[in-house]
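I opened this model to look up a few local features and to write down what I found in the order I looked. The entries below are for my own bench notes.

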Amino acid sequence: MEQNNLIEVKNLKKYFHVGHNAVLKAVDDVSLFIREGETLGLVGESGCGKTTCGRTIVGLYEPTEGEMLFEGKKVSTKTRAQKLDFTKKVQMIFQDPYASLNPRMTVADIIAEGIDIHHMYTGQERMDRIHELLSLVGLNREHASRFPHEFSGGQRQRIGIARALAVEPKFIVCDEPISALDVSIQAQVVNLLIKLQQEMGLTYLFIAHDLSMVKHISDRVGVMYLGTMVELASSEALYAKPLHPYTQALLSAIPIPDPKVEKSRNRIKLEGEVPSPINPAPGCRFAQRCKYAKPECSQTMPKFKEIEKDHFVACHLL
Ligand code: SF4
């Protein structure tokens with residue numbers, strides 16, 4: 001059965017003015033949709049705009065241009081009431097579990113921030129809900145009166161997840177939720193997110209640079225390069241048959257545990273640094289590093305087109 005789109009983002013732009021006549025085009029004309037109950041992974045090197053994209057979608061940044069639909073209706077966060085309504089449906093889990101929790105607040109008050117803002121529960125019901133959320137994320141009620149510094153990184157991220165779940169959202173942007181954690185803890189947090197999704201029917205945008213983890217959790221994956229979306233497809237299609245030269249290079253760099261296979265594989269080495277997103281040159285953003293670049297590539301930005309069913313690519317070669 002075809003799932004409905006929970007979120008649709010159309011031609012989203014987020015620019016920052018960073019000096020005289022200098023514009024940082026962090027997100028430049030990105031379109032995507034996320035179906036209800038699925039996980040869309042978003043990958044790319046650091047500075048590619050994936051975090052800004054996630055922050056703009058949840059309303060932490062005002063978009064420069066573009067439109068967003070949530071459950072088929074146009075989202076506006078211009079008034080305080082509209083913002084409040086939207087932040088109840090849409091939440092974010094942050095990258096750094098050390099910096100994202102207020103060290104002076106107890107775990108109970110951190111988790112209940114959204115409950116209090118939206119006047120959802122008071123008194124004993126509020127406390128019961130906090131205990132329920134702690135249990136959902138694998139912590140216990142004794143943790144409620146403690147402070148963030150008393151917890152490990154993995155436990156703090158669980159507190160961050162409980163805080164996001166407190167307002168009963170439908171959609172969560174997970175912004176590199178495991179990259180600050182020990183490798184041994186990362187799988188536990190990802191498995192918790194998968195379990196919660198199955199139990200609560202949540203929809204995720206999962207931002208990460210660990211491509212193996214993204215494959216594990218995502219139904220579909222989008223690849224960003226310098227503010228633009230260059231490829232978007234189902235996980236299977238993208239990892240089995242990447243079409244964009246940048247995606248091919250990214251995926252060829254994933255380490256393979258078998259040393260024999262690792263030795264014999266054909267890694268694509270990307271030459272040069274990621275160019276600056278400030279006043280980017282016209283044409284394809286990847287042109288300076290692409291071994292297939294032709295004159296047209298530095299003049300015209302390739303269109304983001306559906307090349308095969310549900311497989312979108314922006315490249316003049318295709
Ligand atoms: Fe390479 Fe040109 Fe395709 Fe860009 S449009 S990825 S430069 S071939």
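What follows are my entries on the ligand, the aromatic pairs, the charges over rings and one loop residue.

**Entry 1, the ligand.** I kept in mind throughout that this is a predicted model. I began with the surroundings of the ligand and found 13 residues around it, the closest being C284, C290, C297, C315 and H316. I then sorted that shell by class, which gave 11 nonpolar residues, two polar ones and no charged residue. When I looked up the cavities, I noted that the space the ligand takes up is the largest cavity.

**Entry 2, aromatic pairs.** How many aromatic pairs does a search of the whole structure find? I noted six. One that I looked up in detail is formed by F70 and F86, an edge-to-face pair with 5.9 Å from centre to centre and 85° between the planes. This pair links distant parts of the chain, since I located F70 in strand β4 (residues 65–70) and F86 in helix α2 (residues 80–89), 16 residues apart. I checked the accessibility of the two and recorded both F70 and F86 as buried.

**Entry 3, Y225 and F286.** I turned next to the rings of Y225 and F286, whose centres are 5.0 Å apart and whose planes meet at 80°; the angle is over the 60 degrees required, so I entered the pair as edge-to-face. Because Y225 belongs to strand β9 (residues 220–225) and F286 to the loop between α11 (259–264) and β11 (304–308), the pair ties together parts that lie 61 residues apart in sequence. Are these two residues buried or exposed? Y225 has a relative accessibility of 1% and therefore counts as buried, and F286, with a relative accessible area of 2%, is buried too. I also noted that ring pairs link Y225 and F286 with Y246 into a cluster.

**Entry 4, charges over rings.** I looked for charged ends placed over aromatic rings and wrote down K14, whose charged end sits over the ring of F16 at 5.1 Å from its centre. I added R220, which lies over the face of F33, 4.3 Å from the ring centre.

**Entry 5, L270.** Finally I looked up L270, which I found in the loop between α11 and β11. Its relative accessible area is 23%, so I listed L270 as partly exposed, given that buried would require under 20%. I also took the C-alpha separation of L270 and V313, which is 19 Å for two residues 43 apart along the chain.

How values were computed:
Residues numbered from 1 in each chain as written. Predicted model: local features only at pLDDT ≥ 70, side-chain atom pairs only at ≥ 80, totals over all residues. Heavy atoms only, no water. Near = heavy atom within 4 Å. 1 Å grid on protein atoms, 1.4 Å probe; cavity = no way out; pocket = protein on both sides within 12 Å on 5 of 7 lines; lining within 4 Å. Sits in = over half its atoms within 2 Å of the grid points. Nonpolar A, V, L, I, M, F, W, Y, C, P; charged D, E, K, R; others polar. Phe/Tyr/Trp six-rings, centres within 6.5 Å; stacked < 30°, edge-to-face > 60°. Helix = DSSP H or I, 4+ residues; strand = E, 2+ residues; numbered from the N terminus. Buried < 20%, exposed > 50% of the residue type's maximum accessible area, 1.4 Å probe, protein only. Lys NZ or Arg CZ within 6 Å of the ring centre and 35° of its normal.
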